[in-house]
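Colleague: Before I set up any calculations, I would like a close look at a single part of this model, namely the strand pairing together with the charged side-chain contacts. Please take me through that part slowly, with the cut-offs behind each term.

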Amino acid sequence: MNVPEDLQYTATHEWIRMEGESARVGITDHAQAELTDIVFVELPKIGASLTAGQPAAVVESVKAASDIYSPIGGSVVEVNGALEADPGLVNRDPYGEGWLYRLRIEAGEQIERLKEAAQYRELISASGKYEV
């Protein structure tokens, strides 16, 4: 599994990339592999206010539908419209073109509670799905 060092992670397999006052959000390589072929993505509405841990999006695969939780609180400022026509981008490029949405971060949001890459690797290795 690919676990980039420059991202932060949640226990529910979302990643976040800080971009100044905003953050890009997606699901991890581990999550997309578990879901298998993603066939539909429901994204949050631009302007929606999300709190950390709140369901923000839904991905549907040939196996199941899965809620995607907001790693931090903020307002949705952009969604990845390319996923409407090609939801498989999440499978092919989960850390690049397969991102889901971008948030403007709320003041005082606790970014440090997210997991670093090494901590996330430990989490998924405990599930038996990743070799450290």
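Modeller: A residue is called buried under 20% relative accessible area, exposed over 50% and partly exposed in between (1.4 Å probe, protein chains only). The model is predicted, so local features need pLDDT of at least 70 and side-chain atom pairs count only at pLDDT 80 or more, while totals for chains, interfaces and linings use all residues. Residues are numbered from 1 along each chain as its sequence is written, and side-chain values use heavy atoms, with hydrogens and water left out.

I start with the open sheet of six strands, whose order is E1-E2-E3-E9-E8-E5 and whose pairing is antiparallel; strands here are DSSP runs of E with at least two residues, numbered from the N terminus, and two of them pair if DSSP finds at least two bridges between them. The edges of this sheet are E1 and E5, the latter covering residues 49-50, and each of these two strands pairs on one side only.

At the E1 end, strand E1 (residues 8-9) is joined by two bridges to strand E2 (residues 14-19), and the sense is antiparallel. Within this pair, Gln8 faces Ile16 of E2. The two strands make a hairpin with four residues between them, and in that turn His13 has a positive phi of about 75°. On its way into the sheet, E2 is also joined to strand E3 (residues 22-27), again antiparallel, through six bridges, with Glu14 placed opposite Ile27 of E3. E2 and E3 likewise make a hairpin, in this case with two residues between the strands, and there Gly20 takes a positive phi near 70°.

The hairpin of E2 and E3 brings me to the charged contacts, of which the structure holds five that qualify as salt bridges, meaning that a side-chain nitrogen of Lys or Arg lies within 4 Å of a carboxyl oxygen of Asp or Glu. One of them joins the side chains of Glu19 and Arg24, at 3.0 Å from N to O. The two partners differ in class, because Glu19 has 30% relative accessibility and is therefore partly exposed, whereas Arg24, with a relative accessible area of 16%, is buried.

Further along the sheet, the side chains of Arg102 and Glu78 form another salt bridge, at 2.8 Å from N to O. This pair links distant parts of the chain, since Arg102 belongs to strand E9 (residues 101-105) and Glu78 to strand E8 (residues 74-79), 24 residues apart. Glu78 counts as partly exposed because its relative accessibility is 27%. At the other edge, E8 is joined to E5 by two bridges in the antiparallel sense, and Ser49 stands opposite Ser75 of E8.

A salt bridge also joins Arg92 and Asp86, whose side chains meet at 2.3 Å from N to O. Here Arg92 is exposed because its relative accessible area is 54%, while Asp86, at 28% relative accessibility, is partly exposed.

There is also an open sheet of three strands, in the order E4-E6-E7 and with antiparallel pairing. Its edges are E4 (38-42) and E7 (65-69), each of which has a single partner strand, so one side of each is left without a neighbour in the sheet. E4 reaches strand E6 (residues 55-61) through four bridges, the two running antiparallel, and Phe40 has Glu60 of E6 as its bridge partner.
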